[in-house]
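User: Please take a close look at one part of this model, the surroundings of the ligand. A connected account suited to a first-year student would be welcome.

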Amino acid sequence: MASAMFSAPCSARPAKGLHCQNYVGLRLNTDLKLNTSVSVKSMKNGQSSGRLLIVRASEKRKEYLHKLGRSNEEHEAAVAAGNVPEAPPIPPKPAAPEGTPVVSSLPLNRRPRRNRRTPVMRASFQETTLSPANFVYPLFIHEGEEDTPIGAMPGCYRLGWRHGLIEEVAKARDVGVNSVVLFPKVPEALKTPTGDEAYNDNGLVPRTIRLLKDKYPDLVIYTDVALDPYSSDGHDGIVREDGVIMNDETVHQLCKQAVSQARAGADVVSPSDMMDGRVGAIRAALDADGFQHVSIMSYTAKYASSFYGPFREALNSNPRFGDKKTYQMNPANYREALVELQADEAEGADILLVKPGLPYLDVIRLLREKSSLPIAAYQVSGEYSMIKAGGVLKMIDEEKVMMESLMCLRRAGSDIILTYFALQAARCLCGEKR
Ligand code: PBG
């Protein structure tokens with residue numbers, strides 16, 4: 001009898017001696033030999049997707065017993081009569097190095113180290129897992145043909161929307177990352193104080209969504225809803241002459257932007273602007289246009305953080321004056337995240353996001369405990385660049401720190417992680433190293 005099951009959608013070969021394999025159950029992570037009657041067959045399913053495992057129950061055991069010539073009863077009788085068969089001796093106690101103090105053992109009922117003793121036991125008791133399915137890959141796009149490296153984010157590029165982007169998405173899909181979020185670098189000439197390019201149906205983002213959906217219909221596309229890449233002021237909203245960011249007028253623009261993205265085929269629109277009331281207004285606008293199926297991932301707790309620096313360089317979207325502190329949250333505040341959470345839930349958000357990630361694990365945990373909705377964490381540009389820089393300078397092991405940081409974001413309570421490491425980490429999880 002054979003039963004079949006598919007392993008994770010990942011075409012990569014198993015790794016040898018890579019620490020990352022601890023993170024997900026894609027394969028055995030020890031060199032234990034399979035000496036049972038399970039036969040594992042590897043098969044290519046169509047393109048490069050799943051591996052087929054066939055498990056067979058063997059019927060050979062009985063024959064084997066008969067060949068030995070003694071029944072179970074005879075074996076038992078022999079042992080009862082004192083004829084105990086040979087087995088390896090009781091192992092000697094390992095010696096401690098010379099000079100080790102001789103002490104009486106501590107009277108401990110609890111020795112937590114027992115559960116950490118071997119790799120197999122550690123894997124058994126691992127509480128959190130990390131999978132390529134948890135990642136959303138943020139991608140920068142531009143109008144050009146070439147991919148332009150982003151100085152402040154080693155390994156990241158502004159991708160040509162027609163070529164580089166399509167290739168990058170193919171690479172990500174190949175290791176199980178099938179969700180992306182798009183960030184456009186908009187030509188300066190198209191930026192205005194009211195950011196109207198944001199809802200041009202033929203603008204860079206809607207055009208790119210249509211192309212991606214045409215090539216990869218099952219790709220899940222997240223979009224950013226905010227005016228900053230389109231604003232000549234570099235702010236997420238419309239700026240009044242006295243410098244005030246106008247709330248309700250901005251929300252009006254954001255609704256048009258979200259609907260335009262939905263019309264192009266976006267699956268999840270993600271308001272990152274932090275205006276009040278935008279989730280409810282966007283929900284109503286989407287529904288009115290027949291986009292009831294399009295989700296909203298709200299940047300619920302987005303802090304006014306200096307960790308966004310490299311991103312603003314990538315898009316040349318630094319605010320022309322001032323800062324974003326009248327709409328993004330004060331990094332000193334924790335309870336305030338609950339105010340935002342309650343508003344977003346009431347207004348109909350489908351996913352709640354915390355940003356940045358690692359410095360705000362307490363906020364991720366707070367939202368996880370106070371809401372039943374899926375939680376997203378954004379490991380932002382500054383977090384990415386610090387790990388990259390530390391790796392380049394050989395101050396830390398880049399790959400291990402990368403995997404640990406992602407695992408910690410999951411442990412704190414996030415379901416999905418927006419991370420520039422999505423491709424690199426997924427390759428690591430699939431046992432590929434490049
Ligand atoms: C803007 C936006 C920002 C990021 C995502 N969307 C920058 C900002 O708020 O200034 C930052 C992402 C990152 O740093 O990786 N709406």
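Analyst: The account below describes the ligand and its surroundings. The model is predicted, so local features need pLDDT of at least 70 and side-chain atom pairs count only at pLDDT 80 or more, while totals for chains, interfaces and linings use all residues. Residues are numbered from 1 along each chain as its sequence is written, and side-chain values use heavy atoms, with hydrogens and water left out.

There are 17 residues around the ligand, where near means that a heavy atom of the residue lies within 4 Å of the molecule. S272, R312, K355, S381 and Y420 come nearest. By class, this shell holds 7 nonpolar, 3 polar and 7 charged residues; Ala, Val, Leu, Ile, Met, Phe, Trp, Tyr, Cys and Pro count as nonpolar, Asp, Glu, Lys and Arg as charged, and the others, Gly among them, as polar.

Several side chains place polar atoms beside the ligand, and a polar contact is a pair of N or O atoms within 3.5 Å. In the side chain of R312, an N or O atom is 2.6 Å from an oxygen atom of the ligand. For Q328, the distance from a side-chain N or O atom to a ligand oxygen atom is 2.9 Å. D236 has a polar side-chain atom 3.2 Å from a nitrogen atom of the ligand. Taken alone, the ligand exposes 400 Å², of which the protein buries 100%; accessible areas come from the Shrake-Rupley method with a 1.4 Å probe.

Conventions. Polar contact = N/O pair within 3.5 Å; in protein donor to acceptor, adjacent residues only side chain to side chain.
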